[in-house]
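Please walk through this model with attention to two serines, one strand and one pocket, taking each in turn.

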Amino acid sequence: MKSLLPLVMAVTLLSACQRDPAAAPATEPQTTATATPMAEAPAPTPAADDTAAPAGPVSQASFLGYGDMKLGSTVDEARAAWGGELNGAPMEGTTCHYLWPKWITRPADFAFMMEDGRFVRYDVGTDKETAPGGGKVGMSVEELQKLYGGALKGAPHKYTQGGQYLSMDAGDVAPTRLVFEVDAAGKVTSWRVGLSPQVEYVEGCS
């Protein structure tokens, strides 16, 4: 009898060839990561420039002085408290003069009076500043009196016919006084805060 081994081996090889190839392992779908946008860095704040007028409606005027500048302080102390450049210098032979910020084109709009080496008063002739208590250039007498509860006392203007001065003391706050100058039409043209007697100087340092 012939050996059946060759036949068995042939059948085995044929069966192996007819088997399905192993299925490739399924690959998980790849997900694309979504990049989180980075927040933009804030723009740098520009450096302060004392050549430009300060912006904003907030006033630093008070019965004590203006900002960090205190009435009664020395000229050097007042300059240091201001922090920026101030124009103006005393004339030879005088004890009274004005200083004003370099961004001011007309000192009558905003200036600091110095006398005998001390900061004694500041003058405002523009509606960009607000007086202690809320008064401003351009307001009427009626508006002022309502604003200050009738505390302003009137006196005839020295040069303007029909004009007047409206003033009030700071009381216990400081030994200073607020004075409004009003024209013949009943409108505020300027105001000042200062120590006595300088606050009463009608001509300023003249």
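The paragraphs below follow a predicted model, beginning with a strand and ending with the serines.

A convenient starting point is strand S10, which spans residues 188-195 and is mostly covered, with seven of its eight residues buried. On one side of the pairing pattern stands strand S9, residues 176-182, which runs antiparallel to S10 and is joined to it by seven bridges; within this pairing, Leu 178 stands opposite Val 193 in S10. S9 and S10 together form a hairpin with five residues between them, and in that turn Gly 186 has a positive phi of about 80°. S10 also pairs with S6, again in the antiparallel sense, over four bridges, and here Val 124 is the residue that stands opposite Trp 191 in S10. In a regular strand, side chains alternate between the two faces of the sheet.

S10 also leads to the second largest pocket, since it supplies four residues of the lining, the largest share. Strand S4 (96-101), S6 and S10 each contribute at least two residues to that lining. The pocket has a volume of about 410 Å³ and is lined by 24 residues, of which Tyr 98, Ala 108, Asp 123, Glu 203 and Gly 204 lie nearest its centre. Sorted by class, the lining comprises 11 nonpolar, seven polar and six charged residues.

The hairpin turn brings in the serine at position 140, for Ser 140 touches Gly 186 and Lys 187, when residues up to four places away in sequence are not counted. Ser 140 itself is found in the loop between strand S6 (118-124) and helix H3 (141-147). Is Ser 140 buried or exposed? Its relative accessibility is 11%, and because this lies under the 20% cut-off, Ser 140 counts as buried.

The other serine, Ser 73, is found in the loop between strand S2 (69-70) and helix H2 (75-82). Ser 73 has a relative accessibility of 12% and therefore counts as buried as well. Which backbone atom does the side chain of Ser 73 reach? The side chain extends to the backbone oxygen of Lys 70, at 2.7 Å. Leaving aside residues up to four places away in sequence, Ser 73 touches Ala 78, Gly 117, Arg 118 and Phe 119; of these, Arg 118 falls within the residue range of S6, 118-124.

Methods
Residues are numbered from 1 along each chain as its sequence is written. This is a predicted model: local features need pLDDT of at least 70, side-chain atom pairs count only at pLDDT 80 or more; totals for chains, interfaces and linings use all residues. Side-chain values use heavy atoms; hydrogens and water are left out. Buried means under 20% relative accessible area, exposed over 50%, partly exposed in between (1.4 Å probe, protein chains only). A polar contact is a pair of N or O atoms within 3.5 Å; within protein, one must be able to donate a hydrogen and the other to accept it, and residues adjacent in sequence count only if both atoms are side-chain atoms. Contact means heavy atoms within 4.5 Å. Two strands pair if DSSP finds at least two bridges between them. On a 1 Å grid over the protein atoms alone, a cavity is a set of points where a 1.4 Å probe fits but cannot get out, and a pocket is an open set with protein on both sides within 12 Å along at least five of seven lines; lining residues have an atom within 4 Å of a point. Grid points are joined across faces, edges and corners, and a volume is the space filled by probe spheres set on the points. Ala, Val, Leu, Ile, Met, Phe, Trp, Tyr, Cys and Pro count as nonpolar, Asp, Glu, Lys and Arg as charged, and the others, Gly among them, as polar.
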